[in-house]
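Visitor: Before we start, I would like to hear the reasoning behind each label and not just the label. Could you take me through this model in that way?

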Amino acid sequence: MESFSPLSAAIGGSLIGLAAAILWLGNGRIAGISGIFGNLLPATHSALWRAIFLVALIAGAWVTAHLFPQLGVGGVKAAALVPPPAGWNIPMPIWLIAAGLLVGFGTRIGNGCTSGHGVCGLARLSLRSLVAVAVFFGVAILTVTVTGIV
């Protein structure tokens with residue numbers, strides 16, 4: 001955490017909040033990525049804004065990472081996948097598939113993801129989102145403790 005900057009964190013958090021507010025006020029939709037992505041297919045009348053939102057989300061992160069590499073931890077080149085814990089003997093493709101499936105199932109079971117519950121749900125004072133965020137953090141702490149990945 002030697003490169004942590006409260007200023008860049010505050011700016012990033014403010015931009016996320018602003019984007020969520022614009023989507024809520026302009027489109028009446030909650031900026032939960034799993035809901036936006038999950039309802040992209042089959043194509044309906046709402047597919048266009050969903051596709052634009054997701055493309056802009058990815059493009060914005062890519063452009064920012066390349067224009068301002070000093071904002072990230074170690075710059076653009078430092079981003080890497082977290083390998084499986086040593087001694088678990090799990091091949092990387094299996095590790096990634098398992099992680100993706102667990103995230104997908106958890107998102108479906110929790111009726112939303114961290115962005116929907118954490119950013120938008122808590123802002124709306126949703127009790128369901130408060131419980132979901134508490135579970136997200138609890139499982140994250142347990143996962144880091146068990147796997148030793150930091």
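Guide: Let us begin with the rings: this is a predicted model, and by the centre-distance rule its count comes to one aromatic pair.

Visitor: What makes W88 and W95 an aromatic pair, and why is the pair called edge-to-face?

Guide: The ring centres of W88 and W95 are 6.2 Å apart, and rings pair if their centres lie within 6.5 Å, so the two count as a pair. The planes stand at 80° to each other, and an angle over 60 degrees counts as edge-to-face, so that label applies to W88 and W95.

Visitor: How do you know whether W88 and W95 are buried or exposed?

Guide: W95 has 18% relative accessibility, and buried means under 20%, so W95 counts as buried. W88 has a relative accessible area of 40%, which lies between the 20% limit for buried and the 50% limit for exposed, and W88 is therefore partly exposed.

Visitor: What is the overall make-up of the chain in secondary structure?

Guide: The chain comes to six helices and zero strands, following the pattern α-α-α-α-α-α when read along the sequence. Its C-alpha trace spans about 50 × 35 × 30 Å along the principal axes, and 19% of its 150 residues count as buried. Among contacts with a separation of 6 or more, 35% are between residues 24 or more positions apart.

Visitor: Why are α5 and α6 called oblique to each other?

Guide: Helix α5, residues 114-123, and helix α6, residues 127-147, have axes that come within 9 Å and cross at roughly 135°. An angle over 145 degrees would count as roughly antiparallel, and 65 to 115 as roughly perpendicular; the crossing falls in neither range, so α5 and α6 are oblique to each other. As for handedness, α5 passes α6 in a left-handed crossing.

Visitor: Which residues make the contact of α5 with α6, and how do they divide by character?

Guide: From α5 come T114, H117, G118, G121 and L122, and these meet R128, S129, L130, A132, V133 and F136 in α6. The residues of this contact divide into five nonpolar, five polar and one charged, with Gly being counted among the polar ones.

Visitor: How do you know whether S129 is buried or exposed?

Guide: S129, whose place is in helix α6, has 2% relative accessibility; set against the limit of under 20%, this means that S129 counts as buried. Leaving aside residues up to four places away in sequence, S129 touches H117, G121 and L122.

Visitor: Where does A31 lie, and what makes it buried or exposed?

Guide: A31 lies in the loop between α1 (6-27) and α2 (33-38). Its relative accessibility is 10%, again to be set against under 20%, so A31 counts as buried. With residues up to four places away in sequence not counted, A31 touches A20, L23, I36, F53, S115, G116 and C120. The C-alpha atoms of A31 and G121 are separated by 9.6 Å, although the two residues are 90 apart along the chain.

Visitor: What is notable about the phi values of N89 and L125?

Guide: Most residues other than glycine have a negative phi. N89 is not a glycine, yet has a positive phi of about 55°, and L125, likewise a residue other than glycine, has a positive phi near 60°. N89 is found in the loop between α3 (47-67) and α4, whereas the place of L125 is in the loop between α5 and α6. Exposed means over 50%, so N89, at 73% relative accessibility, counts as exposed, and L125, with a relative accessible area of 76%, is exposed as well.

Visitor: Why do G38 and G106 count as partly exposed?

Guide: G38 lies in helix α2 and G106 in helix α4, residues 92-109. Their relative accessibilities are 37% for G38 and 32% for G106; partly exposed lies between the 20% and 50% limits, so both glycines take that label. From C-alpha to C-alpha, G38 and G106 are 13 Å apart, with their positions 68 residues apart in sequence numbering, while G38 and G104, 66 residues apart in sequence, are 9.8 Å apart in space.

Key
Residues are numbered from 1 along each chain as its sequence is written. This is a predicted model: local features need pLDDT of at least 70, side-chain atom pairs count only at pLDDT 80 or more; totals for chains, interfaces and linings use all residues. Side-chain values use heavy atoms; hydrogens and water are left out. Axes are lines fitted to C-alpha atoms, for helices over the stretch in contact, and angles run from 0 to 180 degrees between N-to-C directions. Helices (H or I, at least four residues) and strands (E, at least two) are DSSP runs, numbered from the N terminus. Angles under 35 degrees count as roughly parallel, over 145 as roughly antiparallel, 65 to 115 as roughly perpendicular and the rest as oblique. A crossing is left-handed if the near helix is turned anticlockwise from the far one by less than a right angle, and right-handed if clockwise. Contact means heavy atoms within 4.5 Å. Buried means under 20% relative accessible area, exposed over 50%, partly exposed in between (1.4 Å probe, protein chains only). Rings of Phe, Tyr and Trp (its six-membered ring) pair if their centres lie within 6.5 Å; planes under 30 degrees apart count as stacked, over 60 as edge-to-face and the rest as tilted.
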